[in-house]
Amino acid sequence: MYRIAPSILSANFAKLGEEITNVIDSGADIIHFDVMDNHYVPNLTIGPLVCEAIRPLTDAVIDVHLMVEPVDRIVPDFAKAGANIISFHPEASRHIDRTIGLIKDQGCLAGLVFNPATPLHYLDHVLDKLDLILIMSVNPGFGGQAFIPEALNKLRAVRKRIDESGRSIMLEIDGGVKVDNIAEIARAGADTFVAGSAIYGAGKDSDPHRYDTIVSALRAELSKV
Ligand code: DX5
Ligand code: ZN
């Protein structure tokens, strides 16, 4: 089962509520919520208050991708704001196992995020505790960057580890996902596809903003896998 997760980083922030309801009505599955702190990454976006404001608008899973350092202080705020999944970067936490525990204690699913150059050994002792593994196919901080092909090898390696574990762990890819590469990414093992500029860029000239065409095009490619 494949899930399409539009990144609201590329939405029109002046109409954020509408952008969220429209993209879900257009057939997307999950809202990917990019949190940047101008410290761990060189950009600044949205926080728990925005998560809380959008929570009543949709029943869709809100997938919070924390690009912040430190991580732990902000986790309970996102849980209270209605996040369903909270993912973080291992380099941004002093105590990775503790942060995973904190996310789960707050009633959320926990994810670990791997930058293009971050080794997979962080999985060695915590795989059994994770609900999601997110492979970055761009360096974090900005939407609209090109897919780094080495991410496909990483996906294959993680897919193997997940299958060997026998656990159901979501395998998410984030960065540069488009209609022309989503099938190849799925074949490498991803089941959850973040797409920011591909989705929100495609609907920006329609009035009202609708995303049916792009979401169907992504699904059509996935149906060929
Ligand atoms: C980058 C973010 C991504 C980003 C993806 O740091 O984590 O979620 O919005 O954007 P696109 O799909 O445009 O590469
Ligand atoms: Zn993201």
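Start your tour at N38, an exposed residue with a relative accessible area of 53%. Here exposed means over 50% relative accessible area, buried means under 20%, and partly exposed is in between, using a 1.4 Å probe and protein chains only. Before you click further, note that this is a predicted model, in which local features need pLDDT of at least 70, side-chain atom pairs count only at pLDDT 80 or more, and totals for chains, interfaces and linings use all residues. Residues are numbered from 1 along each chain as its sequence is written, chains are lettered from A and ligands numbered from 1 in the order in which they are written, and side-chain values use heavy atoms, with hydrogens and water left out.

**Stop 1: N38 and its backbone**

Keep N38 selected and look at its backbone. Its phi is positive, about 55 degrees, although N38 is not a glycine. Most residues other than glycine have a negative phi, and most peptide bonds are trans. N38 lies in the loop between β2 and α2 (48-54). Element names follow DSSP runs numbered from the N terminus: helices are H or I runs of at least four residues, and strands are E runs of at least two.

**Stop 2: two cis peptide bonds**

Next, select E69 and P70. The peptide bond from E69 to P70 is cis, with omega near 0 degrees, and P70 belongs to the loop between β3 and α3. Then move to D207 and P208, where the peptide bond is also cis. Omega is near -5 degrees for this bond. You will find P208 in the loop between α7 (197-203) and α8 (212-223).

**Stop 3: ligand 1**

Now select ligand 1 and show what lies around it. How many residues surround ligand 1? There are 20, counting a residue if one of its heavy atoms lies within 4 Å of the ligand. The closest are D34, G144, D174, G196 and S197.

Turn on distances to the side chains of S7, H32 and D34. A polar contact is a pair of N or O atoms within 3.5 Å; within protein, one must be able to donate a hydrogen and the other to accept it, and residues adjacent in sequence count only if both atoms are side-chain atoms. From an oxygen atom of ligand 1 to an N or O atom in the side chain of S7 the distance is 3.0 Å. For the side chain of H32, the corresponding distance is 3.5 Å. For the side chain of D34, an oxygen atom of ligand 1 is 2.7 Å from an N or O atom.

Taken alone, ligand 1 exposes 380 Å², and the protein buries 100% of that. These areas come from the Shrake-Rupley method with a 1.4 Å probe; for residues, only the protein chains shown count as cover.

Color the shell by element. Two or more residues each come from β2 (30-36), β3 (61-67) and β8 (192-195). The largest share, three residues, comes from β2.

**Stop 4: the two cysteines**

Is C51 buried or exposed? C51 is buried, with a relative accessible area of 0%. Now add C108: neither it nor C51 is in a disulfide, and their sulfurs are 8.9 Å apart. A disulfide is a pair of cysteine sulfur atoms within 2.5 Å. C108 is buried too, at 5% relative accessible area. A search of the whole structure finds zero disulfides.

**Stop 5: three buried loop residues**

Select A83 in the loop between α3 (75-80) and β4 (85-88). A83 counts as buried at 7% relative accessibility. Measure across to L171: the C-alpha atoms of A83 and L171 are 18 Å apart, with their positions 88 residues apart along the chain.

Jump to G175, in the loop between β7 (170-174) and α6 (182-187). G175 is buried, with a relative accessible area of 9%. Its C-alpha is 26 Å from that of H95, and the two are 80 residues apart in sequence.

Then pick N115, in the loop between β5 (109-114) and β6 (132-136). At 12% relative accessibility, N115 is buried. The C-alpha atoms of N115 and V35 are separated by 15 Å, and the pair is 80 residues apart along the chain.

**Last stop: helix α5**

Finish on A157, which sits in helix α5 (residues 150-165). A157 is partly exposed, with a relative accessible area of 31%. Draw a line from A157 to A188: 31 residues apart along the chain, their C-alpha atoms are separated by 8.9 Å.
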